[in-house]
Amino acid sequence: METYSFKDGSSVASSPISSPNISTLLKIKVLSWSKETGLPASVHVQVCNKTFNLHKTLLCTKSGYFKEREDQLSEIEVPQDFPGGAETFEKIMLFIYGCPTLIHPFNIAGLRCAAQFLDMTEHYSTGNLCERFDLYLNQVVLQNWDDTLVVLKTCQELLPWSEDLLIVSRCIESLAFTACMEILDPERRREKPMVMLEDLMNQPWEYTTVEKIINQDTWIKDLTDLPFEFFRQVIGSLRRQGMKERYVSPLIVFYVNKCFIPEDQTNTDILQRALDLLLTRDKAYRFVPVGFYFACLARNLKHETVVKLQCQIVSLLHTAHTENFIYPKAWNGNVAFSQELLTMENLFVAYASTESERHLTSSPSNVRVGNLWDVYLSGLPYDQDMETKRFIELIETVPMSFRESHDQLYLAVNAFLQVHKDISQEEKGSICSYLNCQKISEETSLELVQNEQMPLRLVVQALFVQQLSTHQALKDCSDSFRFTNSADFSGSVVPSSRPLTSQHSPCTDDETGPRSRPLCFLMQKDATLDEYESTSFRIHNLEEQLVSLKKTLQSHSNPKKPTCLGKRSASRNRNTFGQVTTACIGSVSFTSQRKYANRLLRVLRRVNLFGSRKTNRTER
C-alpha cells in the first residue's frame, strides 16, 4: 500500500495530491479479474445512483456487509448515507481487487468509515482494510499537526461515523497534546513568548488588533479556525490534560472574537455557545480583558449570558476604557432611557453598591471608576427630551466621593446645558450644585468663568477659588523666602504661620536645599524680597476690591425676600465655598450678571499676572 504524508507547513485547505481516474482503473481491474478466473461480474451494486458490476465471490470474502447478502438477488442497493458516496466506494473496491491506490489525510477518514460500513474487518480477511486504515491513522496522521487538522476537518462531513469510530476523538487528543507541548516548549524552540491576554488589559479591545495577535502563533490560528463543535472538544481536552486556564481562556476569547465580524444570526449562535464555554469557569475571569466583555455585551445574547457578562464587567470595571463603552445612537431617539444608557447605568450602580458594602469610597479604583463615568456622561448625545431630573439621576449614579477631580463632570454638565439652553436658572443651579470649584483645574476654571451657560453663582465661586489659590501660592513663596533668608544669614528661623522646610518651599530647585547655594545667589534673592512684600500687599488690595464688588451685587438684588438658586437636596452635595457668596444674586438681570462677572474676571487676570511676575523673578 502506497502512503503519503504532509511536510511541515503544507496547506490544509485542499489536497496537493492528484488522484487517477478511479472509475477507469476499477473497470480495468474487474475485466482483468474476469479473464483470470473466468467468472462474470454477476453482482450489480448501486451506490448513490451509480451502478457497479462486481464479482460476488470476491466481495463476500472481504466484506461482512456483502457476506450477509450473499443469498440475495444479483442486485444490491447500498443506502444513500454510505460514507463518502460513490467515489469512496470505488476506492474501496480497488483495494478489494488488489490495486493499491493513493491514501492521504484528505481521504483516510472517508475510507475508514466506508470500510467500517462494509464490515471489512479481520474476522473476514487477515490484514483487512479497517486495520490497515487504523494503522495509517495512528502511525502517520496523528504524528503530524497539519495532517491531523486535515483529517479532523474532513470528519465534519462524515458524522456520525467519524465520531463512532473515534477518529474525531483521536484527532482532538492529538491536537490538545501537541498544543500543551507547544506551550511547555521542553526543547526551547520558541523564539517569542506566548500570546497572553494580560497584554490587552490596558488597552481598548479592537477586533483588528486581536486578529494580528492570533496570526502570530500558527497553532492558535489553526485551532480557532476549527468548527465550533470540534473546538469545544479541543478545549475540553486541553483542560483534562492540565493546561492552565491562563492559556485556555485566550483561545476561547480569540475564537469568540472571530464571531464579531460579520454580525449575523449564525455567528451570534456560535458566540452564545462559546461564551457559555468561557463563563462556566471562575478561573477564567481574571485573565479576560473587560473590553472583551463590553464587545460581547453589544450583541443580542440570551438574558442569562448577559447577566453573567455584567457580573464580570462590574468586577473589572476599574480597568475599563471609555472606547469600549456602549453609547446610545442619537438617531434612535429617547437617549435618556435607551437600552445602551440603561445598561451602562446599571453596571456603574452595581459597582458603587458593591464598593459601598466594602466601605471603600476613596480607593484608586473607585476614583478611576468615577472619572470613567463622568467621561461617559460628557460623551452622551444629549437631546431635548432628557429632563433635568433624569440628568441629575445620572450624575448621582456614582457617589461624589468617587470624584477627586470635577473636570470631566463639568464637561458633562456643559454638554447637557448646551442642548438645554432654555431651562430655568433654578434648574441650572440644581445641576451645577454638584460642581465643586475646589476640585476643578485652573484650565477648566478659566473656561467655566467665560461660559455663558454657567450660572453666575458658580462663576463667582470659581473666581474666588482662583483668587484664594493665587494668594496662598504667593504667601507660601514669601514665607519660604523669609525662612531661607533667616536660616542662611542669622542661623535662626523666623516664626511663620506654619512650619516650613526646604521640601515645602517652591523656591528650592534641588535636593541639597538653600544652604548649598552660593552667597551671591542668596543676595539676589534678598534683593527681591521687597518686591515680594509689595506683591503680597497688592493681593490684599485685590481682596478688598472683590469684597466691594460683592456688596455691589448685593445692592442690585431684589430688596424683597430673595429666593436662592441651586438649593441642595442633601448636605453631601453642598459646595464647600457656598458660604463665601451667601448673597442671593438670582434676581439680577442676565446682562448685569455678566457685566459684574467680567469685572471679576479682569481682577482674576490681574492676580494671575502678579503670580507670573513673581515666578519669573524666582527662576532668575
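Start by selecting residues 1-14: pLDDT (the predictor's confidence in each residue, from 0 to 100) stays under 50 there. The model has 36 contacts (heavy atoms within 4.5 Å) beyond four places in sequence for residues 1-14. Where pLDDT is low, the predicted coordinates should not be read in detail. Now jump to residues 558-590, where pLDDT again stays under 50 and the model has 52 contacts beyond four places in sequence.

A word on ground rules. This is a predicted model, with residues numbered from 1 along each chain as its sequence is written. Local features need pLDDT of at least 70, side-chain atom pairs count only at pLDDT 80 or more, totals for chains, interfaces and linings use all residues, and side-chain values use heavy atoms, with hydrogens and water left out.

Zoom out and color by pLDDT. The chain average is 75, and 68% of the residues score at least 70. Switch to cartoon and you have 26 helices and 3 strands; these are DSSP runs numbered from the N terminus, helices being H or I over at least four residues and strands E over at least two. Of the 620 residues, 49% count as buried, meaning under 20% relative accessible area, with exposed over 50% and partly exposed in between (1.4 Å probe, protein chains only). Among contacts between residues at least 6 apart in sequence, 73% join residues at least 24 apart.

Next, select strand S1, residues 43-47. Which way do its side chains point? They alternate: Val 43, Val 45 and Val 47 are buried on one face, while His 44 and Gln 46 point to the other and are not buried.

Add strand S2, residues 50-54, which pairs with S1 in the antiparallel sense over 5 bridges; two strands pair if DSSP finds at least two bridges between them. Look for Val 47 opposite Lys 50 of S2. Then add strand S3, residues 75-78, which runs parallel to S1 and is joined to S1 by 4 bridges. Here Gln 46 has Glu 77 as its bridge partner.

Stay with the hairpin of S1 and S2, which has 2 residues between the strands. Most residues other than glycine have a negative phi, and most peptide bonds are trans. Cys 48, in this loop, has a positive phi of about 50° although it is not a glycine. Asn 49, also found in the loop between S1 and S2, has a positive phi near 65°. Cys 48 is partly exposed at 26% relative accessibility, and Asn 49 is exposed at 67%.

Now pick helix H6, residues 129-139. Its buried residues are Leu 129, Cys 130, Phe 133, Asp 134, Tyr 136 and Leu 137. Look down the axis of H6: these residues fall within an arc of 160°, so they line one face of the helix. The arc is that of the directions from the helix axis to the C-beta atoms. Show what covers them, including helix H4 (85-96), helix H5 (108-117), helix H7 (145-154) and helix H9 (167-184).

From H7, move on to Pro 160, in the loop between H7 and helix H8 (161-164). Check omega here: the peptide bond from Leu 159 to Pro 160 is cis, with omega near 5°.

Last stop, the cysteines. How many disulfides are there? The count is 0, taking a disulfide as a pair of cysteine sulfur atoms within 2.5 Å. Select Cys 296 and you'll find a buried residue at 0% relative accessibility; Cys 311, at 47%, counts as partly exposed.
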